[in-house]
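These are my notes from going through one model, written down in the order in which I looked things up.

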Amino acid sequence: MNKFYFILLLLLSASCSGQDFSINDFITQKLEAKNKKLLIIECYCDNGVTVKKTDDTLVIIKVKGNLSSLGYHGKQTAPKKIDTETLEFKVVETNDTLTIISKEWTQMHHRYLIKDLHISIPKHMKYEVKKIVGVNLEGRKIE
């Protein structure tokens with residue numbers, strides 16, 4: 001009888017286990033700084049943001065992101081990579097300010113989060129990091 005329950009338990013646990021995945025990918029995004037004096041970085045970036053001033057005239061964004069599924073109980077096709085559109089920051093230019101906005105999001109058992117972010121900016125630029133609160137990631141869409 002114990003063998004029966006063991007097999008039943010094994011079958012139940014196998015049927016409940018989802019096809020979770022976790023993939024990392026990276027991209028380098030380059031932006032002209034032009035006459036911009038301020039860079040605003042909007043992201044959740046749980047591991048923080050590293051900003052370095054350089055002699056370059058470009059803003060260079062090196063981002064490593066993670067797309068994952070955890071605890072999902074249905075069938076799903078795991079992507080092979082994170083698409084460029086997701087990894088790239090949305091860019092908004094106003095007057096002397098350049099704002100970059102991450103596309104991080106969560107939705108039930110799925111999420112896209114930035115794991116590592118390094119940004120190089122021209123020496124003359126100032127910067128400000130506006131952290132997105134974690135609860136605001138649920139269902140977040142950036143176009």
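Where is the place of lysine 36? Before answering I note that this is a predicted model. I found lysine 36 in the loop between S1 and S2.

**Entry on lysine 36.** I checked the accessibility and found lysine 36 buried, because its relative accessible area is 6% and the cut-off for buried is under 20%. I then looked for a polar partner of the side chain, and one of its polar atoms lies 2.8 Å from the backbone oxygen of asparagine 95. Setting aside neighbours within four places in sequence, I listed the contacts of lysine 36 as Glu93, Thr94, Asn95, Asp96, Thr97, Leu98, His124 and Met125.

**Entry on methionine 125.** The last name in that list took me to methionine 125, which sits in the loop between strand S8 (110–122) and strand S9 (126–131). Is methionine 125 buried or exposed? I noted it as buried, with a relative accessible area of 0%. Leaving out neighbours within four places in sequence, I recorded its contacts as Ala33, Lys36, Lys37, Leu38, Leu39, Lys53, Val59 and Leu98. For leucine 98 I also took the separation from methionine 125, which is 27 residues in sequence and 10.0 Å in space, C-alpha to C-alpha.

**Entry on the sheet.** I next followed leucine 98 into S6, where it stands opposite leucine 39. Strand S2 (residues 38–43) and strand S6 (residues 97–101) run parallel and are joined by five bridges. I placed this pair in an open sheet of four strands, ordered S5-S6-S2-S9, with mixed pairing. Strand S5 (90–94) and S9 are at the edges, and because each has a single partner strand, one side of each is left without a neighbour in the sheet. Ignoring direction, I noted an average turn of 15° between neighbouring strands of this sheet.

**Entry on the core.** Which residues of the largest nonpolar core touch the most other members? Of its 25 residues, I wrote down Leu39, Val59, Leu117 and Ile119. The elements giving two or more residues to this core are strand S1 (21–32), S2, strand S4 (58–69), S6 and S8, and S8 gives the most, with five residues.

**Entry on valine 59.** I finished with valine 59, whose contacts, again without neighbours within four places in sequence, include Leu39, Leu98, Ile119 and Met125. Also among them are Gln29, Lys30, Leu31 and Ala33, as well as Ser120, Ile121 and Pro122.

Key: Residues numbered from 1 in each chain as written. Predicted model: local features only at pLDDT ≥ 70, side-chain atom pairs only at ≥ 80, totals over all residues. Heavy atoms only, no water. Buried < 20%, exposed > 50% of the residue type's maximum accessible area, 1.4 Å probe, protein only. Contact = heavy atoms within 4.5 Å. Pairing = 2+ DSSP bridges. Axes fitted to C-alpha atoms, helices over the stretch in contact; angles between N-to-C directions. Core = buried A, V, L, I, M, F, W, Y, C linked by side-chain atoms within 4.5 Å. Polar contact = N/O pair within 3.5 Å; in protein donor to acceptor, adjacent residues only side chain to side chain.
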